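Subject: Handing over the structure

Dear colleague,

I am passing on the structure that follows, and below it I set out what was found. Please keep it open while you read, so that you can look up each place as it is named.

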Amino acid sequence: MPFLLRFVGRLGIVFALALAAWLVMGGFPLLMLWLGAGLWLLLRVARAVSQKAVWRLRHRLIITYVFIAVAPVVLLASLAAFAGYFLMLQIAMNVVTTELDHRLTELSSAADAIAQLDNPSRVAGADAILAPYFTTRYEGLAVLLRDGEREIRFPKTAEVPPPVVSAQAAKGMVRRGRQYYFWSYRKTPNGDVTIAAPLTRKLLDQLAPELGLVDAASSMDDLPQSSAGSVGALPPQANWLDVPVPWFAQMPAADWMKPAVPSEADGFVIDVRTRISALLAKVFNRKADTAQGLTKAILIAGAVLFVFVEIICWVIGVSMTRTITGTVHHLYEGTQRVMEGNFEHRMEVAGRDQLAEVGASFNRMTDNLQRLVTVAKEKERLQSEIEIASEVQNQLYPRIETRTADLQVAAVCKPARMVSGDYFDYEMVGDGQVALAIGDVSGKGISAALLMATLQSSLRTQLKGAAGSNGIGISTAVVVDRLNRNLCASSTPDKYATFCLGLYNPSTGVLLYTNAGHLPPLLIRGGQVERLDVNGMVVGAFDGVLYEESRIKLESGDLLVFFTDGLTEPENEFGEMFGEERFIDLVAKNSHRDEQRIVEIVLTAVREWTGPGELQDDMTLLLARRA
């Protein structure tokens with residue numbers, strides 16, 4: 001009940017209330033309200049039913065075929081059937097009316113023959129012409145011969161009023177009272193000849209006895225339901241479909257006193273009741289003409305062929321429709337399964353047509369979706385692991401700023417991805433000394449981050465070991481050499497890193513450093529920039545490489561700048577690199593600022609140079625200033 005109320009809505013309630021009010025109180029306004037609401041509700045229901053009917057593709061195709069193929073074929077077949085039916089009836093009526101015309105022609109010929117006789121022998125000649133053929137064929141035949149003032153009637157009791165005719169000759173059907181006559185008129189040199197024969201029941205039966213029953217009446221309302229007194233009969237029934245069929249024709253007639261002016265008002269109706277089998281026998285008379293029998297056989301064969309072709313087309317259409325709708329149904333089921341997360345569902349594919357290709361495409365799509373889901377899950381897992389690795393890597397960087405009485409350190413690393421292959425470190429070692437380190441591992445991503453973690457772990461181990469044995473005499477060359485040996489032993493040759501290690505002694509102000517293939521650090525003193533030495537190969541690539549050690553004395557206000565190529569090699573939209581010169585000028589111009597401020601300025605300038613989007617490389621910057 002609630003569903004029905006939701007379906008009909010307020011309009012249905014208005015329709016029910018209007019109907020109830022009209023039944024109780026009556027009245028034209030309530031009736032019109034009920035009819036209007038009912039019509040609108042009917043349209044709404046029809047729309048809902050049609051939408052439901054065409055929702056499935058199979059129903060939509062069936063309806064389409066009905067409108068495109070079935071309806072035109074049915075209409076054409078119906079048109080052909082009705083055309084053939086009415087043609088047969090018209091042929092039957094044409095047989096009857098043609099016979100009526102023949103009777104009129106016969107009487108006209110008799111009148112011509114009598115009119116051509118000599119005046120003395122006309123009466124005797126008329127009797128010889130009319131008897132016995134015309135008197136027997138036309139029951140009630142009457143003749144009026146006028147010769148001057150003399151009138152001769154045949155038979156003598158015949159009531160034939162003289163007509164008023166100005167023409168030389170005339171013929172047709174005339175009406176006198178409720179009786180119709182065949183009528184013929186001819187003028188003679190001294191008078192005229194008038195012949196009239198009543199339209200009797202016997203004459204009607206003689207018109208087309210092989211067709212069936214023939215009736216005549218003054219109007220359609222006067223046509224009898226059966227031919228009372230008729231000696232004719234319907235032809236025998238050929239089969240159960242061979243039912244009696246009626247047809248009629250309007251025959252013009254004239255008033256007896258004005259026989260030259262026929263009109264439909266004075267006319268009568270000819271009614272023929274026959275059977276289709278009789279009409280076909282009349283049209284296709286095999287005994288009379290072999291060609292007619294052949295024509296009938298051709299027509300029957302054509303009808304049978306038409307039905308056979310229609311059946312074949314129907315079978316083919318149903319088969320093709322089932323193929324189309326079956327594929328669409330399988331696609332619908334497949335999409336529902338995919339929406340439910342079942343990517344293992346596959347369609348059955350048969351054939352090599354486009355529908356089969358659609359099914360194969362769906363199967364390929366589900367295969368790709370299944371792989372994409374697997375890849376997405378794996379990517380999600382890797383992303384989660386990379387996030388964990390990024391958190392772990394962030395823990396490896398120094399978290400506490402190193403500040404001594406005369407050295408201030410600031411550093412930053414901006415990974416191009418979640419994890420970085422760049423490395424920086426600073427740590428207090430030995431008796432107040434400060435170790436400064438920076439590195440750039442080959443490659444990016446997880447592998448570079450793992451090598452970076454190995455490098456950091458190995459460096460801190462070497463620094464602690466060297467400080468424990470001789471905290472004052474730590475050699476950067478020895479530390480880097482040991483670091484290179486460890487990396488060569490634990491990684492492949494294609495995994496290496498540029499590395500620079502410096503050790504600052506605050507008591508002497510001397511910086512000892514070993515640069516293993518890294519970009520030369522910068523020393524900014526009094527606005528002047530000096531590049532430090534590169535005194536060794538990269539670490540992790542070749543075992544047994546010798547590393548040297550350089551030293552430089554730092555003065556108050558000197559600024560040491562360690563950096564990676566991620567700050568100098570990024571390109572803008574035109575493919576132009578930021579470059580070392582631009583980087584050096586930027587740092588030199590801002591060397592008087594605080595170290596953290598210098599870091600912010602450099603990173604902002606590089607980001608503005610490259611534009612928005614992912615970083616092209618890891619960016620690492622380490623600054624150390626002597627107070």
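Leaving aside its neighbours within four places in sequence, which residues is Asp425 in contact with? Before the answer, please note that this is a predicted model. Asp425 is in contact with Pro398, Ala435, Leu436, Ala437, Gln456, Arg460 and Leu622, once those neighbours within four places are set aside.

Asp425 belongs to strand β10, which covers residues 422–429. Is Asp425 buried or exposed? Its relative accessible area is 3%, and because a residue counts as buried when that value is under 20%, Asp425 is buried. The side chain of Asp425 also makes polar contacts with two other side chains: one with the side chain of Tyr423, at 2.9 Å, and one with the side chain of Arg460, also given as 2.9 Å. Arg460 therefore appears both in the list of contacts and as a polar partner of Asp425, as follows from the 3.5 Å limit for a polar contact.

From there you can turn to a sheet. Five strands, in the order β9-β18-β17-β14-β15, make up an open sheet in which the pairing is antiparallel. Strands β9 (407–414) and β15 (528–531) stand at the edges, and because each has a single partner strand, one side of each is left without a neighbour in the sheet. From one strand to the next, the twist averages 20 degrees. To follow one pairing in detail, look at strand β14 (residues 522–525), which pairs with β15 in the antiparallel sense over four bridges; there, Ile524 has Val529 of β15 as its bridge partner.

Two helices can be described together with these strands. Helix α12 (residues 580–589) lies across β14, β15, β17 (559–563) and β18 (619–626), and runs at about 130 degrees to β15. Helix α13 (residues 595–610) packs on the sheet and touches β9, β17 and β18, with a direction that makes about 150 degrees with that of β18.

Next come two peptide bonds that deserve a look. Most peptide bonds are trans. The bond from Ala131 to Pro132, however, is cis, with omega near 5 degrees, and Pro132 lies in the loop between α4 (122–130) and α5 (133–137). Phe154 and Pro155 are likewise joined by a cis peptide bond, with omega of about -5 degrees, and Pro155 is found in the loop between β2 (150–154) and β3 (169–176).

Finally, there is the empty space. How many cavities of 30 Å³ or more are there? The count comes to three, and the largest cavity has a volume of about 70 Å³. Among the residues that line the largest cavity are Asn119, Arg122, Leu145, Asp147, Arg150 and Asp192. The elements that give two or more residues to that lining are α4, β1 (142–147) and β2, and β1 gives the most, with three residues.

The largest pocket holds about 710 Å³ of space. It is lined by 21 residues, of which Ala80, Ala81, Gly84, Leu280 and Ala303 are the closest to its centre. Helices α3 (57–115), α7 (276–283) and α8 (290–339) are the elements that give two or more residues to the lining of this pocket, and the largest share, eight residues, comes from α3.

With best wishes

Conventions. Residues numbered from 1 in each chain as written. Predicted model: local features only at pLDDT ≥ 70, side-chain atom pairs only at ≥ 80, totals over all residues. Heavy atoms only, no water. Buried < 20%, exposed > 50% of the residue type's maximum accessible area, 1.4 Å probe, protein only. Polar contact = N/O pair within 3.5 Å; in protein donor to acceptor, adjacent residues only side chain to side chain. Contact = heavy atoms within 4.5 Å. Pairing = 2+ DSSP bridges. Axes fitted to C-alpha atoms, helices over the stretch in contact; angles between N-to-C directions. 1 Å grid on protein atoms, 1.4 Å probe; cavity = no way out; pocket = protein on both sides within 12 Å on 5 of 7 lines; lining within 4 Å. Points joined across faces, edges and corners; volume = space filled by probe spheres on them.
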